[in-house]
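Work through the following exercises with the sequence and the model side by side. Each task is followed by a solution that goes step by step.

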Amino acid sequence: MGVVNQSGPIPAEIVAASVKIRMHGGSAGSGTVVWVADGQGLVLTNRHVVASGSTATITFADGRQVEGKVLGTDKTGADLAMLVIPAEDGTPFVPLASKYPVQGEIVCQVGWGGMRTMQKR
């Protein structure tokens, strides 16, 4: 596996599913909603983003905010974490999985360093 570096416009689907994460313990970063079903959504992010706490405020590109809870973190050094959020029908997500991920499955993180710019719209 390698790192994919996209140069050019970010697809609208990824922008809509990209979120800002502000941990209640102080750290912050970005993540991507990767799964939505049955009133819940999963946000994939980096372990170092969630290191300062177990709950977070999640902000979508449209300014909507929800509270999230750390579901789990990678312990192998891959720097991945998953948060669970309340999600209604129509919540944007990037369908990286066709089912709820389970421990041990391979996942990837889509991040976007332009989150601050997006939030100023």
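**Exercise 1. Determine how strand E2 is joined to strand E3, and describe the turn between them.**

Solution. Begin with the ladder: strand E2 (residues 28-37) and E3 run antiparallel and are joined by five bridges, where strands count as paired if DSSP finds at least two bridges between them. The strands and helices named here are DSSP runs numbered from the N terminus, with E for strands of at least two residues and H or I for helices of at least four. Within this ladder, threonine 32 has leucine 44 in E3 as its bridge partner.

Next, take the turn: E2 and E3 form a hairpin with two residues between them, and aspartate 38 in that turn has a positive phi of about 50 degrees. This positive value occurs in a residue other than glycine, whereas most residues other than glycine have a negative phi. Finally, aspartate 38 counts as exposed because its relative accessibility is 79%; buried means under 20% relative accessible area, exposed over 50%, and partly exposed in between, with a 1.4 Å probe and protein chains only.

The model is predicted, so that local features need pLDDT of at least 70 and side-chain atom pairs count only at pLDDT 80 or more, while totals for chains, interfaces and linings use all residues. Residues are numbered from 1 along each chain as its sequence is written, and side-chain values use heavy atoms, with hydrogens and water left out.

**Exercise 2. Follow E3 to its other partner, and explain why E3 is described as largely enclosed.**

Solution. The second ladder of E3 leads to E6, to which E3 is joined by six bridges in an antiparallel arrangement. Here valine 43 has leucine 83 in E6 as its bridge partner. As for burial, five of the six residues of strand E3 (residues 40-45) are buried, and E3 is therefore largely enclosed by the rest of the structure.

**Exercise 3. Trace the ladders from E4 through E5 to E6.**

Solution. Strand E4 (residues 55-60) and strand E5 (residues 65-73) run antiparallel and are joined by five bridges, with isoleucine 58 standing opposite valine 66 in E5. Their hairpin has four residues between the strands, and glycine 63 takes a positive phi near 95 degrees in it.

Continuing along the chain, E5 is joined by four bridges to strand E6 (residues 81-86), again in an antiparallel arrangement. The bridge partner of threonine 73 in E6 is alanine 81. In the loop between E5 and E6 lies aspartate 79, which has a positive phi of about 60 degrees although it is not a glycine. Aspartate 79 counts as partly exposed because its relative accessibility is 26%.

**Exercise 4. Which residues does histidine 24 contact beyond its neighbours within four places in sequence, and what lies around phenylalanine 60?**

Solution. Histidine 24 is placed in the loop between strand E1 (18-23) and E2. Leaving aside neighbours within four places in sequence, histidine 24 is in contact (heavy atoms within 4.5 Å) with Thr55, Ala56, Thr57 and Glu67. Its C-alpha atom is separated by 6.1 Å from that of glycine 53, although the two residues are 29 residues apart along the chain.

For phenylalanine 60, consider alanine 16 of helix H1 (residues 12-17). The two residues are 44 residues apart in sequence and 7.2 Å apart in space, C-alpha to C-alpha, and the contacts of alanine 16 outside its neighbours within four places in sequence are Phe60 and Pro92. In addition, the charged end of arginine 64 sits over the ring of phenylalanine 60, 4.0 Å from its centre; the criterion is that NZ of Lys or CZ of Arg is within 6 Å of the ring centre and within 35 degrees of the ring normal.

**Exercise 5. Set these details against the whole chain, and decide where the coordinates should not be read in detail.**

Solution. The protein has three helices and six strands, in the sequence pattern α-β-β-β-α-β-β-β-α. Of the contacts with a separation of 6 or more, 63% involve residues 24 or more positions apart.

Confidence comes last: pLDDT, the predictor's confidence in each residue from 0 to 100, averages 81, and 76% of the residues score at least 70. Over residues 115-121, however, the pLDDT is below 50, and this stretch has 13 contacts in the model beyond near neighbours in sequence. Where pLDDT is low, the predicted coordinates should not be read in detail.
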